[in-house]
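Let's walk through this structure together, one part at a time. Keep the 3D view open and turn it as you read.

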Amino acid sequence: MRLLAIDTSANLCAACVYEAGGERGRAVLDLGKGHAEHLMSVIDTALKEAGTAYGDLDAIAVSVGPGSFTGVRVGVAAARGLALALALKVPAVGITTLEAIAEECCIAAPDRPIIARMDAGRGQAYVAGFAADGTPTLDPAAISVDEAEALLREAGADTLLAEGKTADIGTYARIAMKRLADDAQTASLPPRPLYLRDADAKPQGAFALPRKDVP
């Protein structure tokens with residue numbers, strides 16, 4: 001199986017081509033913003049490095065957040081579109097950012113439970129919990145920083161803390177490969193953005209231009 005992984009959930013605009021033997025090609029830009037304008041060229045670069053065409057792909061993997069609202073939307077829309085376009089009709093697999101961050105920590109220090117945490121701004125943190133075998137123990141949630149600290153204390157000294165804004169693009173690919181191998185039917189459900197709270201930007205509902213009297 002050969003898949004394309006995409007991540008636009010944070011500053012990076014990243015893509016890689018991955019198969020059972022390992023990573024074949026990648027492209028990563030540190031953008032901050034502008035994912036929509038650059039994602040397809042990043043994907044094209046990764047495919048070219050891997051010597052792969054769209055028609056050679058068997059699956060698409062994408063980070064579904066939490067993260068940048070705009071970035072997550074761009075990545076998920078691209079993954080779903082590519083899975084259906086060009087006669088691919090291949091599964092698109094959604095991977096949470098917290099799951100990928102925890103996976104990297106698990107590789108570095110295996111056999112210990114993990115709490116993954118991301119800064120969410122507004123005095124909040126995004127968190128999720130995983131057992132030593134990777135099984136989710138706490139669904140992703142947005143909680144206060146104080147609640148996150150209390151959660152870590154209650155978890156005990158044996159629990160590892162995994163932090164970051166996102167994971168390496170290869171990590172998303174590895175998780176997706178494993179998920180497809182373990183349960184292709186569940187893994188192939190269309191990915192949806194994981195929004196744990198409302199967007200920071202709010203419409204200016206009370207804003208109005210001053211009215212000018214018309215003679």
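Let's begin inside: the structure holds one cavity of 30 Å³ or more. A cavity here is a set of points, on a 1 Å grid over the protein atoms alone, where a 1.4 Å probe fits but cannot get out. The largest cavity has about 40 Å³ of space, a volume being the space filled by probe spheres set on the points, with grid points joined across faces, edges and corners. Its lining residues, which have an atom within 4 Å of a point, include Val64, Phe69, Tyr126 and Leu196. The lining divides into eight nonpolar, three polar and no charged residues; Ala, Val, Leu, Ile, Met, Phe, Trp, Tyr, Cys and Pro count as nonpolar, Asp, Glu, Lys and Arg as charged, and the others, Gly among them, as polar.

A word on the model: it is predicted, so local features need pLDDT of at least 70, side-chain atom pairs count only at pLDDT 80 or more, and totals for chains, interfaces and linings use all residues. Residues are numbered from 1 along each chain as its sequence is written, and side-chain values use heavy atoms, with hydrogens and water left out.

Now for the sheets. Helices (H or I, at least four residues) and strands (E, at least two) are DSSP runs, numbered from the N terminus, and two strands pair if DSSP finds at least two bridges between them. One open sheet has five strands in the order 3-2-1-4-5, with mixed pairing. At its edges are strand 3 (22-30) and strand 5 (92-95), each pairing on one side only. Six bridges link strand 1 (residues 2-7) and strand 2 (residues 12-19) in the antiparallel sense. Within this pairing, look for Ile6 opposite Ala15 in strand 2.

Helix 5 (residues 169-182) packs on this sheet and touches strand 1, strand 2, strand 3, strand 4 and strand 5; contact means heavy atoms within 4.5 Å. Helix 2 (residues 69-84) lies across strand 1, strand 4 (59-63) and strand 5, at about 170 degrees to strand 4. Such angles run from 0 to 180 degrees between N-to-C directions, and axes are lines fitted to C-alpha atoms, for helices over the stretch in contact.

Another open sheet has four strands in the order 8-7-6-9, again with mixed pairing. Strand 6 (residues 114-121) and strand 9 run parallel, joined by four bridges. Arg117 has Glu163 in strand 9 as its bridge partner. Helix 4 (residues 145-155) lies across strand 6, strand 7, strand 8 and strand 9, running at about 150 degrees to strand 8.

How values were computed
1 Å grid on protein atoms, 1.4 Å probe; cavity = no way out; pocket = protein on both sides within 12 Å on 5 of 7 lines; lining within 4 Å.
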